[in-house]
Amino acid sequence: MKRFQGNPILESIVTHEWESRRVFNAAAFLADKRIHILYRAMGDDGISRIGYAATSDGYYINERLPLPVFEPINDAEKNGCEDPRLTLLDDKLVMAYTALQECDHHLIYQISLTSIAVKDFLTKQWKWADRRLPFPGIRNKDAVIFPRRIDGKYIMFHRIEPDICSTRSDDLQRWCDIKSVMRPRLKNWDCWKVGAAGPPIELNEGWLLIYHGVNFEKIYSLGVALLDKYDPEIVLYRSEKPILTPTEDYERFGKVPNVVFSCGNILMDDQLLIYYGGADSVLCVASYDLSELVPKK
Ligand code: BMA
């Protein structure tokens, strides 16, 4: 495992009101030999919006847009659109994110889905489709959609505290069959709650899932799981130890201390690049040889 020496790769820009405070958890999508990054950004108003950046080598940011590409437009998300995750399905990118609404001093969060045509995304015409709440009123977050149908159904993982749950759909609109797939493990780094990081990646051995785990000291770490290729609700392997845990200053100190939190990873030539937020303040990247993540048979 290598943390990029130049971390963080993205920091807030004081003169951009919407991202003047922190930029962190990000989705990643590989196309046209570039990694496109959609990141969560916050300014003084405390509302999360989503910004765009791109990198050709995975590490150095070559392009960054001055305005957000996605922001709250309805009541359910009026206090923020958080933690984007992108999945390519045919000719569109489906984005899952957390919609946040403050209501009578309570924060209500739930997952929301939208999509954009790949050609619009790549030409930076931010024509997002209607936003839908798959489970209105249910407190859930950390939604990732698998990149293909399995047994004829779309599959999404999401987190209903404290478990990672699965749900299935025929049409990406109506979702049903909610089932718990991964629970916190007592006396472990992931003993309090768990949530999926980026969308799972299909390998010969099964689906590779990076996930976050939180312990009772509120330390957020990342781990890896391998899911059955034909029935991803079956967990074949789960790492005993985290694959990334906060040790660097940019992971330990910030708005929320001791957090590494990921919403996207990219597989390039047997190297997995994991994009992750450090201390809910900056965006970082670490790389792994696939062989160190997947258990040998
Ligand atoms: C989660 C989400 C993430 C955040 C993490 C740590 O619940 O809100 O966006 O990075 O907590 O604060």
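**View 1. Arg40 reaches for the ligand.** In this predicted model, a polar atom in the side chain of Arg40 comes to 2.6 Å from one of the ligand's oxygen atoms. Asp280 has a contact to show here too: an N or O atom of the Asp280 side chain lies 2.6 Å from a ligand oxygen. For Lys141, the distance from a side-chain N or O atom to an oxygen atom of the ligand is 3.0 Å. On its own, the ligand would expose 300 Å², and the protein buries 86% of that area.

**View 2. Who else is around the ligand?** Pull back a little and the whole shell comes into the frame: Asn25, Arg40, Asp83, Lys141, Tyr220, Val256, Val259, Phe261 and Asp280. How do the residues of this shell divide into nonpolar, polar and charged? The split is four nonpolar, one polar and four charged. As for where the ligand has settled, that is the largest pocket.

**View 3. The fold that holds it all.** Zooming out to the protein chain, you can pick out three helices and 20 strands. With a radius of gyration of 18 Å, against the 19 Å that the globule rule gives for 297 residues, the chain is as compact as a globular protein of that length. Its C-alpha trace spans about 50 × 45 × 45 Å along the principal axes.

**View 4. A cis peptide bond ahead of Pro8.** Have a look at the link between Asn7 and Pro8: this peptide bond is cis, and omega is about -10°. Pro8 belongs to the loop that runs between β1 (2–3) and β2 (22–31).

**View 5. A cis peptide bond ahead of Pro162.** What is omega near for the peptide bond from Glu161 to Pro162? The value is near 0°, and the bond is cis. On either side of the loop that holds Pro162 are the strands β10 (154–160) and β11 (163–169).

**View 6. Asp177, a positive phi inside a strand.** Asp177 is not a glycine, yet its phi is positive, at about 60°. Where does Asp177 sit? You'll find Asp177 within strand β12, which covers residues 175–182.

**View 7. Lys187, a positive phi in a loop.** Lys187 is another residue other than glycine with a positive phi, this one near 55°. Follow the chain into the loop between β12 and β13 (193–196), and that's where Lys187 lies.

Note on methods
Residues are numbered from 1 along each chain as its sequence is written. This is a predicted model: local features need pLDDT of at least 70, side-chain atom pairs count only at pLDDT 80 or more; totals for chains, interfaces and linings use all residues. Side-chain values use heavy atoms; hydrogens and water are left out. A residue is near a molecule or strand if one of its heavy atoms lies within 4 Å of it. A polar contact is a pair of N or O atoms within 3.5 Å; within protein, one must be able to donate a hydrogen and the other to accept it, and residues adjacent in sequence count only if both atoms are side-chain atoms. Accessible areas come from the Shrake-Rupley method with a 1.4 Å probe; for residues, only the protein chains shown count as cover. On a 1 Å grid over the protein atoms alone, a cavity is a set of points where a 1.4 Å probe fits but cannot get out, and a pocket is an open set with protein on both sides within 12 Å along at least five of seven lines; lining residues have an atom within 4 Å of a point. A molecule sits in a cavity or pocket if more than half of its atoms lie within 2 Å of its grid points. Ala, Val, Leu, Ile, Met, Phe, Trp, Tyr, Cys and Pro count as nonpolar, Asp, Glu, Lys and Arg as charged, and the others, Gly among them, as polar. Helices (H or I, at least four residues) and strands (E, at least two) are DSSP runs, numbered from the N terminus. The radius of gyration is taken over C-alpha atoms; the globule rule is 2.2 Å times the number of residues to the power 0.38.
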